[in-house]
Amino acid sequence: MDNDVAAGNSTSTLGHLALGLTLLAFGLGGTGVIDNVAAADAAGLATWVGGVALFLVGMLALRAGDKGEGTAFAALGAFWFTWGTAAGGGASADAVGVFMLLWALLALTLTMAASGSGVFGQGVYGLLFVALLLLGIGALVDNGGLGKAGGWVAAVAGLVAWYGATAAVAGWPTAFRRTAGTSAPATG
């Protein structure tokens, strides 16, 4: 692993922490792995941390000239705020499915726009895309198994985002490097 980790900018780190914690709470709730905890129980966290804080971080990143992360964080802030304020509001399963699929398109756009940013950039958005796709299809076809799978993918995406942000703050490795003649990660 590469121990020469750039600290990153503070909006990037804060944005990935907010995204990671929100995805982790939402995902774990969606898996049903914790008794009496559902995805809707993450609505407060999604509204304020994933929604408001992430949107503000996006605005700060845009003001600093970072179009990629600014767009990603502001758009994801809008997603989480909308989801958090509507969770448990009695929308039909079809409406929830369409909502998730529409936002999956945003996650796909972010995945493609983050090409070259590695597992902690493109990987998080790619996992978010898969999670929203599974959740959307699961809601449309009334398949709880797809919903649980989407929850697990969201939880993994949250862990990846959280690790990436924590690594930036703590100076932990975030890249795998291949050495000549071997495919094993270097231990730097």
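Helices here are DSSP runs of H or I, at least four residues long, numbered from the N terminus. The model on screen is predicted.

**The whole chain**

Start with the chain coloured by secondary structure. There are six helices and zero strands, and the pattern read along the sequence is α-α-α-α-α-α. Next, show the surface. The accessible surface comes to about 9300 Å², and carbon and sulfur atoms account for 67% of that surface. Of the 188 residues, 40% count as buried. For contacts with a separation of 6 or more, 70% are between residues 24 or more positions apart.

**Stop 1: T11 in α1**

Select T11, which lies in helix α1. The relative accessible area of T11 is 17%, under the 20% cut-off, so T11 counts as buried. Show the side chains around T11. Leaving out residues up to four places away in sequence, T11 touches V57, L60, A61 and F73. Keep F73 displayed; F73 is one of the buried residues of α3.

**Stop 2: helix α3**

Select residues 67–86, which make up helix α3. Does the length of this helix agree with its 20 residues, or disagree? At 1.5 Å a residue the expected span is 28 Å, and the end C-alpha atoms are 28 Å apart, so the two agree.

Look at both ends of the helix. At the N-terminal end, D66 acts as a cap: one of its side-chain oxygens lies 3.4 Å from the backbone nitrogen of G68. After the helix comes G88, which has a positive phi, near 75°.

Now colour the buried residues of α3: E69, G70, A72, F73, A74, A75, L76, G77, F79, W80, W83 and G84. What covers them? The cover includes α1 (10–31), α2 (43–63), α4 (93–113) and α5 (119–140). Display these four helices together with α3 before moving on.

**Stop 3: L110 and L102 in α4**

Select L110, a residue of helix α4. The relative accessibility of L110 is 6%, so L110 counts as buried. Beyond its neighbours within four places in sequence, L110 is in contact with A72, L76 and Y125. Two of these, A72 and L76, are on the list of buried residues of α3. Then draw a distance from L110 to F73: the C-alpha atoms are separated by 10.0 Å, and the two residues are 37 residues apart along the chain.

Stay on helix α4 and select L102, which is also placed there. Is L102 buried or exposed? Its relative accessibility is 54%, over the 50% cut-off, so L102 counts as exposed.

**Stop 4: the nonpolar patch**

Keep L102 selected and add V98, L105, L108, M112, L133, I137, L140 and V141. With L102, these residues form a nonpolar patch on the surface, and together they have about 760 Å² of accessible area. Helices α4 and α5 are the elements that give two or more residues to the patch. The largest share, five residues, comes from α4.

**Stop 5: V160 in α6**

Finish at helix α6 (residues 144–170) and select V160 there. V160 has a relative accessible area of 18%, so V160 is buried. Which residues does V160 touch, not counting those up to four places away in sequence? They are V119, F120, V124 and L127. For a last distance, use V160 and L127: these lie 33 residues apart along the chain, and their C-alpha atoms are separated by 9.3 Å.

Definitions and conventions. Residues are numbered from 1 along each chain as its sequence is written. This is a predicted model: local features need pLDDT of at least 70, side-chain atom pairs count only at pLDDT 80 or more; totals for chains, interfaces and linings use all residues. Side-chain values use heavy atoms; hydrogens and water are left out. The expected span of a helix is 1.5 Å times one less than its number of residues. Buried means under 20% relative accessible area, exposed over 50%, partly exposed in between (1.4 Å probe, protein chains only). Contact means heavy atoms within 4.5 Å. A polar contact is a pair of N or O atoms within 3.5 Å; within protein, one must be able to donate a hydrogen and the other to accept it, and residues adjacent in sequence count only if both atoms are side-chain atoms. Patches are made of residues with over 30% relative accessible area and no salt bridge: like charges are joined within 9 Å, nonpolar side chains (Val, Leu, Ile, Met, Phe, Trp, Tyr) within 5 Å. Accessible areas come from the Shrake-Rupley method with a 1.4 Å probe; for residues, only the protein chains shown count as cover. A salt bridge is a side-chain nitrogen of Lys or Arg within 4 Å of a carboxyl oxygen of Asp or Glu.
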